[in-house]
Amino acid sequence: MSVEILDGSTVRSFVEDEGAFNSSVDGRFAALDADRDGLLTYEEMAGELMSLRVLEKHFGVDEAAIQPDELAGLYRGLFARFDRDGSGKVDRQEFRAEMKEVMLAVANGLGFLPVQMVVEEGSFLKFAVDRELGQLAKAA
């Protein structure tokens, strides 16, 4: 983990750089695709979805207070957002499209004022910051 300063334009610029964005998203896709069939099942994505700890981080709800079937429904709903064609599996294009929406939502949430935040190594936010720092170094 590292502490970085970023704003919405940092994230938006990363998403708009199709080569950099697709490369990082494709890397995450490949890491999740355990059977290497080019498709992600719910089982392959479940750990990643659960690591987001959506309820705890965003709604102040302790996941332990939620009934297991409700929690399973929440994570299935998140998976369904990725599975745009309803096939039960997520292909690379669906994964890219949903990650683009997620990252643009993060950019909109950050707004135009810089914020200091802790980002995980290998996260999409870390890729965005590193990309911007690389561009600044080239310009100098």
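Does Val 118 count as buried or exposed, and at what relative accessibility is it placed in that class: what is the answer for Val 118? At 54% relative accessibility, Val 118 counts as exposed (buried is under 20% relative accessible area, exposed over 50%, and partly exposed in between, with a 1.4 Å probe and protein chains only).

The model is predicted: local features need pLDDT of at least 70, side-chain atom pairs count only at pLDDT 80 or more, and totals for chains, interfaces and linings use all residues. Residues are numbered from 1 along each chain as its sequence is written, and side-chain values use heavy atoms, with hydrogens and water left out.

**View 1. The whole protein.** The protein has 7 helices and 4 strands (DSSP runs numbered from the N terminus; helices are H or I with at least four residues, strands E with at least two). From the N terminus on, their order is β-α-α-β-α-α-α-β-α-β-α. The C-alpha trace spans about 55 × 35 × 25 Å along its principal axes. Of the 140 residues, 35% count as buried.

**View 2. Surroundings of Val 118.** Val 118 lies in strand S4, residues 115–119. Together with Met 1 and Val 3, Val 118 makes a nonpolar surface patch of about 340 Å². Such patches join nonpolar side chains (Val, Leu, Ile, Met, Phe, Trp, Tyr) within 5 Å, from residues with over 30% relative accessible area and no salt bridge.

**View 3. Packing of helices H2 and H7.** Helix H2 (residues 18–32) packs with helix H7 (residues 124–139) at an angle of about 150°, and their axes are 11 Å apart. H2 and H7 are therefore roughly antiparallel to each other, a term for angles over 145 degrees.

Conventions. Patches are made of residues with over 30% relative accessible area and no salt bridge: like charges are joined within 9 Å, nonpolar side chains (Val, Leu, Ile, Met, Phe, Trp, Tyr) within 5 Å. Accessible areas come from the Shrake-Rupley method with a 1.4 Å probe; for residues, only the protein chains shown count as cover. A salt bridge is a side-chain nitrogen of Lys or Arg within 4 Å of a carboxyl oxygen of Asp or Glu. Axes are lines fitted to C-alpha atoms, for helices over the stretch in contact, and angles run from 0 to 180 degrees between N-to-C directions. Angles under 35 degrees count as roughly parallel, over 145 as roughly antiparallel, 65 to 115 as roughly perpendicular and the rest as oblique.
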